Amino acid sequence: YNWAFARRHEGTFVLRIDDTDPARSTPENTAAILRAMRWLGLEWDEGPEAGGASAPYFQTQRGEVYRRDLERLKASGAAYPCFCTPARLDEKREAARAKGGFSGYDRACRTLPDAEARRRLEGGQTHVWRLKVPEDRGEVFFADEIRGAMTFPADALDDFVLVRSDGTPTYNFATVVDDVEMRITHVIRGDDHLSNTPRQMVLFEALGAQVPAFAHMGLILGTDGKRLSKRHGAVSVEAYRDAGYLPEALLNYLALLGWSMDAETTLFSARDLVANFDLGRVSRNPAIFDPEKLEWMNGVYIRALPPSEFVARIAPLLVEAGLCAPGDVEERRDWFLELAPLVSERVKRLGEVVPMVRFLLADDIEVDETARDKVLAQEGASLALEASADALRVLPTFTAAAVEEALRAVPGGTGLKPKTVFQAVRVAVSGATVSPPLFESLALLGKDRSVARIEAARALAAA
């Protein structure tokens, strides 16, 4: 939504890596973010690898900026050192809760005489730096671009920590400093950050900076109504990429999780999203992530691909599966273009393609045990295969039309039902009871391979 909003208004889309949490912010995780965004087409104007006037765009590399602004807050009297130990803070918090009162920081160090605070600092006493929230602030108000008028009582805001005892900035401090430095005008984020907004607004004001516009949207929930997590299945973009979802389909579906173009449109391109994006149509309510709807949508997008584009999408998967060499697709382009519509109409994910076409590209196949018992072990299967092999062997041209004509004549010549014949041939050449269209598959497989597989299957078939 930040990307669509920036593009809609011809603004600058800034990507910043908030990596102050070392447990979560690993180089691998950062690389995954960049790959996922690029795969979805969400290119950024400023940020990692793109550069920009406010570089660097990793918070762990911006320590000097945070130290500079902390000094500004100290000089203006807006920040003060707090020497309360974690154990002491916990003790105070529990006591306040027991009385049913405000359990935030009681501002014990706020009134320390300057000389006393300086003596402790010079003595190396462990401390954090807190923001001195104005006691006469009253209410903190802002007009949320999605939720409307929002008001928070300022007396519910404690003097929150800006810099930890180890010198690292907290999320709220680093984010505000970076937003000011990077000239951020709009922040669109989940409503789990709503409680951070009044704190950040007070900090913007303490820095003498313009407060950006805020928009808080509902979170994404699983089908059970709980916040989306790993228990609901894949939750990373790359997991969906690897499963065979198209980036344009996933982008389309994600855009619908909280926003709508109108009351009817479900399928739209990234260009349509940008042209129509409006924060006024973003819902404040949580959205339900429905894997089935995403899979349906992905199938629609796959079926809409031109054959050449479909082949280009599946080629890397076939190479990775060892079914063809990197140059094979281009060398046999016409063959793959014939294959494309037979497969694209029958899959909802590209990940389904490899098992579906394996029999056409592999030298050998293994007949599924269930298919053998269900089809080849039935009466008449051997006769069906023998007659079919004979019919196909003599064809002068091995096109889908010629194959169909030859095989449709087999039931009449053998007294077998068409289903018995066609299913026996399908299992013989593909190893399964389900495959792309039979006649077209045989034509793609070729006469020699088709006849050889049919004759080999006779050893497994019942008389």
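**View 1. A network of salt bridges links Arg-16, Asp-18, Arg-62, Asp-178 and Asp-179.** A salt bridge is a side-chain nitrogen of Lys or Arg within 4 Å of a carboxyl oxygen of Asp or Glu, and the structure, a predicted model, holds 33 of them. Within the network, the side chains of Arg-16 and Asp-179 meet at 3.1 Å, N to O. Arg-16 lies in the loop between helix 1 (2-8) and helix 2 (27-40) and Asp-179 in helix 6 (residues 171-181), so this pair ties together parts that are 163 residues apart in sequence; helices (H or I, at least four residues) and strands (E, at least two) are DSSP runs, numbered from the N terminus. Arg-16 and Asp-179 are both buried, where buried means under 20% relative accessible area, exposed over 50% and partly exposed in between (1.4 Å probe, protein chains only). Residues are numbered from 1 along each chain as its sequence is written, and side-chain values use heavy atoms, with hydrogens and water left out. Because the model is predicted, local features need pLDDT of at least 70 and side-chain atom pairs count only at pLDDT 80 or more, whereas totals for chains, interfaces and linings use all residues.

**View 2. Arg-349 and Glu-295 form a salt bridge, their closest N and O atoms being 3.1 Å apart.** The pair links distant parts of the chain, with Arg-349 in the loop between helix 14 (333-344) and helix 15 and Glu-295 in helix 11 (residues 291-304), 54 residues apart. Arg-349 counts as partly exposed at 22% relative accessibility, and Glu-295 counts as partly exposed at 23%.

**View 3. The rings of Phe-142 and Phe-214 are among the 11 aromatic pairs.** Their centres are 6.1 Å apart and their planes at 70 degrees, so the pair is edge-to-face; rings of Phe, Tyr and Trp (its six-membered ring) pair if their centres lie within 6.5 Å, and planes under 30 degrees apart count as stacked, over 60 as edge-to-face and the rest as tilted. Phe-142 belongs to strand 3 (residues 139-144) and Phe-214 to strand 7 (residues 213-217), so the contact ties together parts that are 72 residues apart in sequence. Phe-142 is buried at 6% relative accessibility, as is Phe-214 with a relative accessible area of 2%.

**View 4. The rings of Phe-422 and Phe-439 form an edge-to-face pair, with centres 5.7 Å apart and planes at 90 degrees.** Phe-422 in helix 20 (residues 418-430) and Phe-439 in helix 21 (residues 438-445) are 17 residues apart, and both are buried.
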